[in-house]
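User: Hello! I would like a close look at one part of this model, and then a walk outward from there into its surroundings.

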Amino acid sequence: DYVVFSDIWGANILNDGVLSAAELGNRNEIVSLIQDESRSFIEEEALAAGGDLDGDGLNELLLGKPGVRSYLGKTYIVTASALLQAKTNGSDILLSELAAKGQGISINGTQGSTVTGQSLAGLGDLNGDNLGDIAIGAPNYDEFSVNTGLAIVISGADINSAIQSGTNLDWDGIRLSGNTSDLIGTSLFATKVMATAGDIDRDGK
């Protein structure tokens with residue numbers, strides 16, 4: 001996965017809308033997010049702007065990997081400060097080391113084959129603590145019966161605490177479920193596969 005900053009992306013859109021191998025090698029404008037954990041074959045991923053989850057005034061990045069760990073799924077939260085530092089240094093970000101390196105955290109699915117992280121959304125500040133809150137969907141989750149699906153709302157306070165302490169989280173929070181085969185969490189507000197992450201570097205773009 002790549003995070004493409006606006007300078008190269010905007011210029012490319014005016015050209016042909018396709019990033020070449022040479023452009024992907026421009027380390028000043030692109031950060032590579034490297035996943036080094038085993039994953040099952042699944043095409044769909046999710047990407048969303050999480051809002052400011054750590055109180056620094058910048059948007060964090062949400063990256064859903066529903067095929068990780070035999071479809072338990074996992075969501076990565078990459079801090080904006082980590083992305084900016086990687087951009088400046090021309091370095092990559094290893095997703096498995098986010099918490100250990102103070103670059104973010106991961107949120108682990110808790111039930112097998114539920115594709116947790118297939119859908120994501122930044123919800124804004126729901127509880128007035130000046131931190132963003134997020135939702136993570138798992139459409140194949142069996143809450144009360146088969147494939148009810150489940151969406152979990154997680155507070156920015158819990159996420160910020162985990163980021164500051166370098167601790168990953170299990171998928172838990174306010175639970176929004178449905179009836180049999182409702183597949184709640186199939187789609188929230190984020191676009192699967194590719195989406196805008198907002199203004200990460202405060203350049204107004």
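Is Tyr71 buried, partly exposed or exposed, and what is its relative accessible area?

Analyst: Happy to help, and please keep in mind that this is a predicted model. Tyr71 is partly exposed: its relative accessible area is 26%, and buried would require under 20%. The residue belongs to helix H3, which covers residues 68–71. Its backbone also deserves a look, since Tyr71 has a positive phi of about 70° without being a glycine. As background, most residues other than glycine have a negative phi.

Asn147 makes a good companion to look at. Its phi, near 55°, is positive as well, again in a residue other than glycine. Asn147 sits in the loop between E9 and E10, and with 26% relative accessibility it too counts as partly exposed.

That loop leads us to the sheet. E8, E9, E10 and E12 make up, in that order, an open sheet of 4 strands with antiparallel pairing. Strand E8 (119–124) and strand E12 (174–177) are at the edges; each has a single partner strand, so one side of each lacks a neighbour in the sheet. On average, neighbouring strands here are turned by 20° against each other, direction ignored. Strand E10, residues 150–154, joins E12 through 4 bridges in the antiparallel sense, and Leu150 stands opposite Ser177 in E12.

The model also has an open sheet of 5 strands, ordered E3-E4-E5-E7-E11, whose pairing is mixed. Its edge strands, E3 and E11 (169–170), each pair on one side only. Between E7 and E11 the pairing is parallel, over 2 bridges, and Asn108 stands opposite Asp170 in E11.

Now for the interior. The largest nonpolar core has 19 residues, and those with the most contacts inside it are Ile77, Ile107, Ile134, Ile159 and Trp171. At least two of the core's residues come from each of strand E3 (46–51), strand E7 (104–108), strand E9 (133–138), E10 and helix H5 (156–165). Members of both sheets are on that list: E3 and E7 belong to the sheet of 5 strands, while E9 and E10 belong to the sheet of 4.

Ile77 is a nice place to stop and look around. Setting aside neighbours within four places in sequence, its contacts include Ile107, Ile134 and Ile159, along with Glu60, Gln103 and Gly104. Leu61 and Leu98 are also among the residues Ile77 touches, and both of these belong to another core, of 14 residues, that lies apart from the largest one and also includes Val3 and Val31.

Methods. Residues numbered from 1 in each chain as written. Predicted model: local features only at pLDDT ≥ 70, side-chain atom pairs only at ≥ 80, totals over all residues. Heavy atoms only, no water. Pairing = 2+ DSSP bridges. Axes fitted to C-alpha atoms, helices over the stretch in contact; angles between N-to-C directions. Core = buried A, V, L, I, M, F, W, Y, C linked by side-chain atoms within 4.5 Å. Buried < 20%, exposed > 50% of the residue type's maximum accessible area, 1.4 Å probe, protein only. Contact = heavy atoms within 4.5 Å.
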